[in-house]
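Thanks for making time this morning. I would like to walk you through one structure, and I will ask you to keep the sequence and the model in view while I talk.

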Amino acid sequence: MNREQQVYEIEGIAVLDYIELYRKFTYSQQESYRLDNIAHVELGEKKLDYSEFETLHQLYKEDYQKFIEYNVKDVELVEKLEDKMKLIELALTLAYDNKVNYDDVFTQVRMWDAIVYNYLLKKKIIIPQMKRGEKKSQYEGAYVKDPILGMHQWVASFDLNSLYPHLIMQYNISMETLVEPAKYTDEMKQFIATKKVNVDTLLSQQINTEELKDFGVTLTPNGQMFRINEQGVMPEIMDTMYKDRTRYKKLALEAKKKIATVLDDKNQVHYLEKQVARYNNLQLAKRVTLNCAYGAMGNQYFRFFDIRIAEGITTAGQLSIRWIEQKINKYMNLLLKSGNEDYVIASDTDSIYLNMGPLVKKLYPDTSDAKKVIKFMNNVCDEKIQPFIDKSYEELRDYVNGYQQRMEMKRESLADKAIWVAKKNYILNVHDNEGVAYAKPKLKMMGISAIRSSTPSACRAK
C-alpha cells in the first residue's frame with residue numbers, strides 16, 4: 001500500500017494474528033475486518049466507544065482509565081471470538097498434525113511440502129531438491145455455466161463433495177504417476193496424435209478410450225496420462241486423510257450421543273465435551289489440509305509443481321460437472337417426454353441447480369402446500385435422481401479408465417423459488433438443506449446486493 005514497514009522476526013516466537021486466522025479459515029466475505037465489525041457480526045458486541053476524543057493518543061493522554069478499559073475490552077472480544085470459533089486451536093492442530101511451524105499454517109505450499117516429505121521419509125524415499133517451477137502461462141480454471149436468468153420454481157441443488165481432492169484420487173494424479181511424453185510407447189504416441197483430447201471431445205464421447213486399459217493409464221481432459229498400476233503418493237496421502245476425517249467425525253458423533261446418557265455425572269460430561277471438541281478440531285484440520293492440496297499443486301513455488309498436473313485437475317473438474325449436467329438433462333427430457341429442454345438452470349465448479357418445476361407440475365400438480373411438495377422433491381431426489389447420478393459417474397470413471405470412482409455428488413438444497421441475475425449471482429428460498437427441513441424457509445444468497453460488502457449495512461435487510 002505504498003508504505004514502508006520495518007519488520008522484526010524474533011527467533012522462537014510465532015505470531016498468529018487473529019485477523020489473518022479469520023480471513024484464512026472462515027471462508028466468509030465481510031465488509032470490514034476491523035475488530036469492531038467482526039465482533040458485531042460474530043458476537044453481537046462492539047468495541048468500547050471513545051468518540052468524544054479525536055484520537056487514541058488523546059484518549060491515552062486525557063482519560064487513562066478509559067484507555068485501559070478500551071484495551072481490556074479488545075482482549076476480551078478476541079478471547080470471546082476464540083471461545084466461539086477456536087481458530088487458534090485449529091491453527092495449533094494443523095501445525096502439530098502436519099509437523100510444521102505455527103505460522104506455516106498460513107501457507108499451503110510449506111504445509112504440503114512437509115506432509116509429502118514426512119510421508120515419503122517413512123517409506124525411506126528422499127524428496128528431490130527444491131527447484132522453482134515456472135508458470136509461463138495461465139491454465140484453465142473451473143467451469144461456470146451461463147445461467148438461465150429469471151425466476152424458477154421448485155429447484156434442487158446437488159453438490160460434489162471435496163471435488164479437487166477426489167479428482168486427484170480418481171485420476172491417480174501425482175508427480176510420479178504422470179507419464180512423460182519421452183516414455184510414451186508407439187501406441188500411446190499414435191493415440192495422442194490422432195485423438196483431439198479436450199473436455200468437449202470427452203464429453204461427447206467422440207474418443208474411443210478402450211486403448212487406455214491396454215496402456216494401464218487414465219486420461220485427463222488436457223491430454224495428460226497418469227499410471228494406474230499403483231496408487232500415487234498424493235492420492236494415497238489424501239485417501240488416508242479423508243478416511244481419518246470420516247473416523248474423527250464418527251468419534252465426535254459417538255461422544256455427543258454418550259453425553260445424553262451420562263447427564264448426572266458432571267465429570268463424565270465435561271470429559272466427553274472435551275472429546276467432542278477434540279475430534280471436531282481434528283476432522284476440521286483434515287478438511288482444511290485436504291482443501292489446501294490443489295492450491296499447493298497449482299502453485300509455482302511448490303516443490304512438485306507441474307502445470308500439466310494443475311491443468312489436469314481443473315479440466316477433469318470441468319468434465320465432471322458438465323458430464324452430470326448433460327446426463328441429468330437427458331434423464332429429465334426422457335422422463336418428461338420433452339424435446340431438448342435445458343433443466344439445469346446453472347452449474348458452477350462443483351454444483352448444479354436443477355429445475356424440478358415441470359416435473360412437480362406433471363406428477364404433483366397441487367402445489368398449495370409447499371412442505372408436501374418439498375417432501376415429494378426429496379423422495380424423487382433420493383429414490384430416482386441420486387442413484388442415476390451415481391451410475392452416471394461410474395460410467396465416467398470407466399470411460400476415462402480412472403483409478404477408482406470418487407465423484408460423490410449429494411443433494412444439497414430444496415427451494416420453492418429461485419432467482420438468477422447473472423453468473424454467481426442468485427437467491428434461493430430454501431426449505432430443506434442436506435435433509436434438514438426448516439420450520440421457516442431460509443434465504444441463501446450469492447452475489448446479491450443484500451450481502452455485498454459494498455452495500456451499506458442499513459440497506460441490506462430492506
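Tyr 353 and Trp 420 are both buried, and I should say at once that this is a statement about a predicted model. The rings of Tyr 353 and Trp 420 form an edge-to-face aromatic pair, with 5.2 Å from centre to centre and 65° between the planes. What does this pair link? It joins distant parts of the chain, since Tyr 353 belongs to strand 5, residues 351-355, and Trp 420 to strand 6, residues 409-422, and the two are 67 residues apart.

That pair belongs to a longer list, because a search of the whole structure, counting ring centres within 6.5 Å, turns up 16 aromatic pairs. Another of them is made by Phe 302 and Phe 304, again edge-to-face, at 5.6 Å centre to centre and with 70° between the planes. Are these two phenylalanines buried or exposed? Phe 302 is buried, at a relative accessible area of 1%, and Phe 304 is buried too, at 13%, which in both cases follows because the cut-off for buried is under 20%. Elsewhere, Tyr 60, Tyr 64 and Phe 67 come together as one aromatic cluster.

Two tyrosine rings also have an arginine over them. The charged end of Arg 247 sits over the ring of Tyr 248, 4.9 Å from the centre of that ring, while Arg 322 lies over the face of Tyr 143, with 5.2 Å to the ring centre.

Let me step back to the chain as a whole. The protein chain has 462 residues, of which 45% count as buried, and it is built with 16 helices and eight strands. Taken along the principal axes, its C-alpha atoms fill a box of roughly 80 × 65 × 55 Å.

Now to the largest pocket, whose volume is about 1,100 Å³. Which residues come closest to its centre? Of the 24 that line it, they are Asp 159, Ser 162, Arg 287, Asn 291 and Asp 350. If you trace the lining back to the secondary structure, at least two residues each are supplied by strand 1 (150-160), helix 7 (163-170), helix 11 (233-259), helix 12 (266-297) and strand 6. Helix 12 gives the largest share, with six residues. By residue type, the lining of the largest pocket divides into nine nonpolar, five polar and 10 charged.

Strand 1, which I have just named as a contributor to that lining, is also the place of Trp 154. This tryptophan has a positive phi of about 55°, and I mention it because most residues other than glycine have a negative phi. Trp 154 counts as buried, at 7% relative accessibility. A second residue of this kind is Asn 401, a non-glycine whose phi is positive and near 55°. Asn 401 is found in the loop between helix 15 (370-399) and strand 6, and it is buried as well, with a relative accessible area of 9%.

I will turn next to two buried polar side chains and ask what lies beside them. Asn 172, in the loop between helix 7 and helix 8 (186-194), is buried with a relative accessible area of 0%. A polar atom of the Asn 172 side chain lies 2.7 Å from the backbone oxygen of Arg 227. Thr 315, in helix 13, residues 307-336, is buried at a relative accessible area of 1%. For Thr 315, a polar atom of the side chain lies 2.7 Å from the backbone oxygen of Glu 311. Each of these separations counts as a polar contact because the cut-off for an N or O pair is 3.5 Å.

The last residue I want to point to is Asp 239, which lies in helix 11, one of the helices that supply at least two residues of the pocket lining. Is Asp 239 buried or exposed? It counts as buried, at 9% relative accessibility. How far is its C-alpha atom from that of Gly 223, 16 residues apart along the chain? The separation is 25 Å.

That is where I will stop, and I am happy to go back to any of these places on the screen.

Conventions:
Residues are numbered from 1 along each chain as its sequence is written. Side-chain values use heavy atoms; hydrogens and water are left out. Rings of Phe, Tyr and Trp (its six-membered ring) pair if their centres lie within 6.5 Å; planes under 30 degrees apart count as stacked, over 60 as edge-to-face and the rest as tilted. Buried means under 20% relative accessible area, exposed over 50%, partly exposed in between (1.4 Å probe, protein chains only). Helices (H or I, at least four residues) and strands (E, at least two) are DSSP runs, numbered from the N terminus. A charge sits over a ring if NZ of Lys or CZ of Arg is within 6 Å of the ring centre and within 35 degrees of the ring normal. On a 1 Å grid over the protein atoms alone, a cavity is a set of points where a 1.4 Å probe fits but cannot get out, and a pocket is an open set with protein on both sides within 12 Å along at least five of seven lines; lining residues have an atom within 4 Å of a point. Grid points are joined across faces, edges and corners, and a volume is the space filled by probe spheres set on the points. Ala, Val, Leu, Ile, Met, Phe, Trp, Tyr, Cys and Pro count as nonpolar, Asp, Glu, Lys and Arg as charged, and the others, Gly among them, as polar. A polar contact is a pair of N or O atoms within 3.5 Å; within protein, one must be able to donate a hydrogen and the other to accept it, and residues adjacent in sequence count only if both atoms are side-chain atoms.
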